[in-house]
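User: I am new to this structure and would like to understand the reasoning behind the terms used for it. Could you take me through them one by one?

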Amino acid sequence: MPISEDQWFIMNLKPSIHGLLPEELEAFCKQNGQPAFRAKQIFDWLYGKFVPSFDEMKNLPAPLRALLAEHYSFQALEKLEVSGEKGETQKLLFKLSDKEMIETVIIPAPRRGTNTVCVSSQVGCVYGCAFCASGQKGVIRNLTAGEIVGEVMEVARQLGERPNNVVFMGIGEPFDNYDAVMKSVRILNHPDGLNIGARKITVSTCGVVPGIERLAEEGLQVELSVSLHAPDNETRSKTMPVNETWPLAELMDACANYTEKTNRIITFEYTLIKDLNDSPEQARELVQLLRRFPCRVNLIPLSPVEEFDGERPDSETMQIFFQTLEKAHINTTLRDSKGSNLKAACGQLRSRRS
Ligand code: SF4
């Protein structure tokens with residue numbers, strides 16, 4: 001249930017200025033008797049100069065600044081807490097205008113000199129994957145495009161520069177909030193704004209087939225990541241209820257069509273859980289499942305959450321799993337999820353209510 005601009009007004013909340021594309025800003029300027037070039041100036045203040053308020057937009061006439069402030073909120077999120085050290089993985093807790101909470105994670109890669117922002121797309125999540133803290137209490141609402149872009153802007157202000165990569169792997173299922181997520185992608189990707197390349201933006205899904213089908217038609221060069229976590233329906237359904245709606249055969253068909261239509265390679269996320277999905281036989285089944293089309297696999301040892309009684313496998317078991325995929329020429333990485341000490345790793349984020 002996306003919240004429309006009208007609903008924001010009914011809730012007595014102004015929509016965020018960060019939810020507007022340049023053409024929408026231009027329309028706003030025109031409607032209010034302002035020349036179109038003002039829109040470009042506003043966009044530049046927002047995404048080129050990272051200003052923290054309308055007052056800082058010095059080359060705009062004061063009446064236009066007042067008009068913007070009357071119609072739009074500048075800060076859709078209030079930063080309440082930052083966990084972790086500068087230069088390492090950090091988790092940011094935000095309060096939204098309606099007092100709901102979300103978390104955003106900054107993941108630096110010092111050797112490459114890059115920063116990745118992991119954004120939330122919903123407050124909570126309806127899918128309730130067993131190993132994930134975000135989905136334990138269901139979904140409360142979708143984030144607006146302005147709130148999602150706001151997460152990235154808060155990080156940009158904190159870093160003092162634009163982040164290099166954005167991954168939609170925080171709280172929520174991005175395809176359940178499809179329109180707002182795609183709008184935020186277009187704003188982040190816009191050449192007059194942050195200009196984050198589409199290939200530097202990753203949208204993840206737990207396997208929502210209609211979302212994969214829509215993205216295949218979108219004409220965007222974003223990366224797609226699919227959480228798989230098991231090579232057969234029985235095992236997958238144990239931890240991912242979404243598998244009951246879109247079982248593996250349907251999911252794999254959608255992925256094959258996506259690859260064919262877009263020529264893009266999908267990354268499959270596979271959390272390794274001791275005695276559940278980590279056997280050599282399951283590695284071989286995974287090879288069979290994925291050999292239809294080119295893809296990548298990220299193997300991630302389980303990050304502990306209180307709600308899930310599971311353990312990560314020992315290193316030897318993980319190495320055997322990894323090598324089985326490698327020998328079958330599937331491009332595979334075995335990585336630890338960054339930030340598990342902060343509860344900022346995959347599946348550990350949650351929305352907290354005040
Ligand atoms: S893993 Fe993703 S889809 Fe599953 S419950 Fe968590 S946030 Fe939702």
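Analyst: Let us start with the ligand, keeping in mind that this is a predicted model. Twelve residues surround the ligand, and the closest are C125, C129, C132, G135 and C206.

User: What makes a residue count as part of the group that surrounds the ligand, and which classes occur in that shell?

Analyst: The test is that the C-beta atom, placed from the backbone, lies within 6 Å of the ligand, and twelve residues pass it. By class, the shell holds six nonpolar, five polar and one charged residues.

User: Why is N263 called exposed?

Analyst: A residue is exposed if 12 or fewer other C-beta atoms lie within 10 Å of its own. N263 has 9 other C-beta atoms within 10 Å, and is therefore exposed. N263 lies in the loop between α10 (248-262) and β10 (266-272), and its phi is near 65°, a positive value in a residue other than glycine.

User: Why is N195 called partly exposed?

Analyst: Partly exposed lies between the limit for exposed, 12 or fewer, and the limit for buried, 20 or more. N195 has 13 other C-beta atoms within 10 Å, so N195 is partly exposed. N195 sits in the loop between α6 and β8, and although N195 is not a glycine, its phi is positive, at about 60°.

User: How do you know that the span of helix α6 is close to what is expected?

Analyst: The expected span is 1.5 Å times one less than the number of residues. Helix α6 (residues 178-189) has twelve residues, for which 16 Å is expected, and the distance from its first C-alpha to its last is 16 Å. In α6 the buried residues are Y178, A180, V181, S184, V185, I187, L188 and N189, and they pack against elements including α5 (145-159) and β8 (201-205).

User: Why is the radius of gyration said to agree with a compact globule?

Analyst: With 354 residues, a compact globule would have a radius of gyration near 20 Å, and the protein has 21 Å, so the two agree. Of these 354 residues, 45% count as buried.

User: How do you know that there are two domains, domain 1 and domain 2, and what does their contact take from each?

Analyst: The domain assignment gives domain 1 (21-71) and domain 2 (77-342), with their centres, taken over C-alpha atoms, 34 Å apart. Seven residues from domain 1 and nine residues from domain 2 take part in the contact.

Key:
Residues are numbered from 1 along each chain as its sequence is written. This is a predicted model: local features need pLDDT of at least 70, side-chain atom pairs count only at pLDDT 80 or more; totals for chains, interfaces and linings use all residues. Ala, Val, Leu, Ile, Met, Phe, Trp, Tyr, Cys and Pro count as nonpolar, Asp, Glu, Lys and Arg as charged, and the others, Gly among them, as polar. Domain bounds come from an automatic or database domain assignment. Two residues are in contact if their C-beta atoms, placed from the backbone, lie within 7 Å. The radius of gyration is taken over C-alpha atoms; the globule rule is 2.2 Å times the number of residues to the power 0.38. Helices (H or I, at least four residues) and strands (E, at least two) are DSSP runs, numbered from the N terminus.
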